[in-house]
Amino acid sequence: MAEMNLIEQAASILGTIRATLKDGKILATEEEVQKRAAVCLGCDKLKEKRVIYSCVTCGCGFKRKIAVSGSSCPLGKW
């Protein structure tokens, strides 16, 4: 999957918000966060940008992305 443009990134964020609202909880469980972190830390799409790690595919900040209950990996890894 190629890097998302700004419109695709916005659509992804809105989808995450929608999924989070449907789920009824904002934060993922600590177990989910740890599993997601392990996957992301082993992925070649995670890059450091000015001290913050981001996914180059979706553009999301790593720590925030893995912590939101309704979020998902754009590559389908979690």
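Q: Quick one before we dig in: what counts as a helix here?
A: Helices are DSSP runs of H or I with at least four residues, numbered from the N terminus. Keep in mind that this is a predicted model.

Q: Got it. How many cavities of 30 Å³ or more turn up in the whole structure?
A: The search finds 1 cavity of that size. The largest cavity holds about 150 Å³ of space.

Q: Which residues sit closest to the centre of the largest cavity?
A: Those are C40, C55, C73, P74 and W78, out of 16 residues that line the cavity.

Q: And which elements give two or more residues to that lining?
A: Two are listed: α2, spanning 30–41, and α3, spanning 62–67. The largest share comes from α3, with 3 residues.

Q: What's the chemistry of the lining, nonpolar, polar or charged?
A: The lining residues split into 12 nonpolar, 1 polar and 3 charged.

Q: Switching to cysteines: how many disulfides are there?
A: The count is 0. For C58, the nearest cysteine sulfur belongs to C60 and lies 3.6 Å away. A disulfide needs the two sulfurs within 2.5 Å, so C58 is not part of one.

Q: What about C73, where's its nearest cysteine sulfur?
A: That would be the sulfur of C40, 6.2 Å away, and C73 is in no disulfide either.

Q: Are those two buried or exposed, C58 first?
A: C58 has 3% relative accessibility, so it counts as buried. C73 comes out at 12%, and therefore C73 is classed as buried too.

Terms used: Residues numbered from 1 in each chain as written. Predicted model: local features only at pLDDT ≥ 70, side-chain atom pairs only at ≥ 80, totals over all residues. Heavy atoms only, no water. Buried < 20%, exposed > 50% of the residue type's maximum accessible area, 1.4 Å probe, protein only. 1 Å grid on protein atoms, 1.4 Å probe; cavity = no way out; pocket = protein on both sides within 12 Å on 5 of 7 lines; lining within 4 Å. Points joined across faces, edges and corners; volume = space filled by probe spheres on them. Nonpolar A, V, L, I, M, F, W, Y, C, P; charged D, E, K, R; others polar.
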